[in-house]
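Student: Could you take me through one hairpin in close detail, and then move on to whatever else is worth a look? I'd like it as one connected walk-through.

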Amino acid sequence: MKWRYAVASALGFVLFVVIITGWLVGSRSDEILGETYVGSIDASGMTRDELASALGRFEQSLAGRERIVSIDGTSLAVLGEDLGFGVDIETTIDASMAVGRGSFWETLRSIIFSKPVSIDPIIDVSTSKVEAAAAGWQQLVANQPFDGALRYEDGRVVLDPPRPGVGITGGDQLEEQLIASFLGPPEDLAILDMEPRESAVSEEVAADALALAERIVEAPVTLRSDYPQVAITFTGAQLGRALISTVDGSSLIAGLDPEVMESYLEPLQDELEAPPRDAVITVTDDDQVVIEPSRPGGLIDPTMVVSEVVSAAGSAGRTGTLTYVEGSEAAFTTEDAEALGIKEKVSEFTTFHDCCQPRVQNIHQIADIVDGALVMPGEEFNVNEFVGPRTREKGFVPAPMILAGRFVDSVGGGISQFATTLYNAVFFGGYTDVTHTPHSFYFSRYPEGREATVSFPKPDLIFRNDTEAALLIKTEYTDTEITVKFFGDNGGIDVQADLSERSRFRNPVTEYQPDSSLTPGAEKVVSSGTRGWDVTVTRTITHPNGEVTVETWDERYRPQPRIVRRHPCSIPGSVQTCPTTTTSTVTTSATTTSTQPVTTTTLAPTTTPAPTTSTMPTTSTSTSSTTTTTTPTTSSTTTTTAAPT
C-alpha cells in the first residue's frame, strides 16, 4: 500500500509542476524568459515592444559612435552613421523570445533553475557605404596599385605604365572588422587588413591606349555643321593640352578633357551655336505650298565635341560633324505652321507696264516689302500700315502720280499699279473689300472698274481675311509685269466678275497752259482729253453648297481735260496785253545816207507816229493780219510795228 501512496504522491507532484509550469508559461507568453541579456541590454522579462525600443536606442547609439581605424599606418576617425550601421531588430527579438521556449524540461529549467543567457544583437552595415568609404581610405595606402595614365609633355604623349601594389581587404572580412570595432571598447584601434593587388589595367591595354592618344593629337581635327554652316579646327597641340586618360574596369581610355575643349569653344560660341529656326511656309515654282520644318536652337555640348573629335581622329580625313544638343524651341514651330491651314493657291492676278521707267522700281520695291505677308483669320491687311511711308531710305524714287487731278512727280509714284494687282487678287480670292479707291481717270493698262490707287496716308487699300485659314501673299515681277498670288483656303468658292456698259458720259473741259514761246493767237494742243463715264462692277461668289453671294461697286471716271498751250496774253480771261514789236530804219536826206538802221521794239501799246513825207513806202504787220500802206514823202523812212491782235 505504501508503494501506491508513494507513486500517487509522485504523480501528484509532477502534475502540480506541469500545471504550475503551464500557468507560468501562459502568463508570460509575451515576455522574455529567464535571465536573458541582448548585448549589454538586460532583456529579462521584457515584452517584444520593450525590447524593440531598447534595441532602437542601441541602434542610434551605434550611428553616433566614433572609432579609430588604421589604414597602412594612417589613423582615421570614422562615424557609425557613415558606414550605415543598423540592427536587425525583429530577428534579434525573435532569438531573445526563443530562450527557454524549447522542450518542456528546458522551459521548466529556465523558470525554476534559471541561469544567465547572452544573445548578440544582429548588427549589419551598409555594404555600399562601406565600399565607398574603403575606396576613399585606399587613397591613404602608400603602395597602392596604379592603373596607368597618359599625359602630354613636350609635344608628345607619355605613358605612365600600370604597376601592382597593396589594398584594403574588403568584402565580409572588412565589414566584420568594422562591426567588431564598433562593438568593442572605444579605445581599441581597428587595424584594417591589407592584401596584395594587381593593377586593373594590363600592359597590353595600356599600350593600346597610348596608340589611340598619339593618333588623337598627331594632326588637326576639323568638325563641320550644316546648320549653321560653320567649321572649327583643333590643332594637334590644342588636343594634346586637352588629353586625359580614365580607367573603366580593366580599360585605360584615352580621351579629351571637356573643360579644356569648352575653353576653346567659348570665344566662338556666338558663331558656332545655332539659334532656333522658325518653320517657313514656302511656295514652289509650280505654286505648291510646302512647310520647311522648324528646328530648336542648337547648343554646343563639350562632351559631345570630345566624342566627335576622338571619332574624327580615327578617320582618313580627320573630319567630323559638329553636333548640338537641343536648345530653346523655335518661336514659330512646324505645328504652328500647319495650324494656319494654308493649303493652296486661291487667286492670282497680273498687270502689265512699260519697262524701265522710274515707277517700275517703286512697283518692285513695294512688291518686295509685301512678299511673304501673312494675314491671319479675321485680320485686316492695310497697305499703308504694312508698308509705311514711301521714302528714299526704303528704296523708293520719284515718279509720276495723280495729285488733285494732276500728274506730279512724287517719291513712290506709280505703286498704284501694285495696288490694283493686289486688289484683283483680293477680288478673285473672295476676300472682303474693306476699302479701296479707284483712280480718278481711266487707264487702259488696268481692268476697268477693278482697280485701286494708294498714297500715304490716304487713300488706302484695306481688305479682311474672313476665312478660317491664314492667307499668305506672294509677289513676282519682271521688267514689264507684276503678279500677286494668294495662298490659303477659301473653302473652294468660285468667283466671277462682270462689268456693266458705260453710262453717264461726261465731256472733257479745256485747260489752258501759258507758253510765252508761242506767238499770240497761236496754240498747241498737248492732250486732246478723254470723256468720263460710270460703270458697275459685279462680283458673284458661288459657294460649294450652292449658295450665291452677289456684290456690286459703282465706279466713276472723271473726264481727262483737253490741255492747250497758248501765249499768256491769249489765254481766255487773261488781263495781260499781248506784246507789240516796232522796227525803224532811218536814212539821211537825198544828200545824206544812213549806214546803220535803228530798230525799236515796244512790249506795251504804242502810238503810231504820224506819217512823214517820203519817197519810200511805210508797212504795218500783225500776227493775225497784215496791212500795207504807201505815202509820198521827202525822205526815205521805213517803220514796222507789232501791235496787239
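Tutor: Sure, let's start at the turn: Asp-154 takes a positive phi near 55° in the hairpin of strand 8 and strand 9, where 2 residues lie between the strands. Keep in mind that this is a predicted model. The two arms are strand 8, residues 149–153, and strand 9, residues 156–160, and they pair in the antiparallel sense over 5 bridges. Right by the turn, Glu-153 stands opposite Arg-156 of strand 9. As a rule of thumb for reading any such arm, side chains in a regular strand alternate between the two faces of the sheet.

Now for another antiparallel arrangement. Here 4 strands make an open sheet, ordered 22-30-29-23. Strand 22 (344–352) and strand 23 (374–375) are the edges: each has a single partner strand, so one side of each has no neighbour in the sheet. For strand 23, 2 bridges join it to strand 29 (residues 471–477), and the two run antiparallel. If you want a pair to click on, Leu-374 has Leu-472 in strand 29 as its bridge partner.

Last stop, the surface. A patch of negative charge gathers there from Asp-278, Glu-326, Glu-329, Glu-335, Asp-336 and Glu-338. Helix 12, residues 334–339, gives the most to this patch, with 3 residues. Asp-278, for its part, sits in the loop between helix 10 (269–272) and strand 17 (280–283). Its relative accessibility is 33%, so Asp-278 counts as partly exposed.

Methods. Residues numbered from 1 in each chain as written. Predicted model: local features only at pLDDT ≥ 70, side-chain atom pairs only at ≥ 80, totals over all residues. Heavy atoms only, no water. Patch = residues over 30% accessible without salt bridge, like charges linked within 9 Å, V, L, I, M, F, W, Y side chains within 5 Å. Areas by Shrake-Rupley, 256 points an atom, 1.4 Å probe, with all protein chains shown as cover. Salt bridge = Lys/Arg side-chain N within 4 Å of Asp/Glu carboxyl O. Lys, Arg positive; Asp, Glu negative; His and termini not counted. Charge placed at Lys NZ, Arg CZ, Asp CG, Glu CD. Buried < 20%, exposed > 50% of the residue type's maximum accessible area, 1.4 Å probe, protein only. Pairing = 2+ DSSP bridges.
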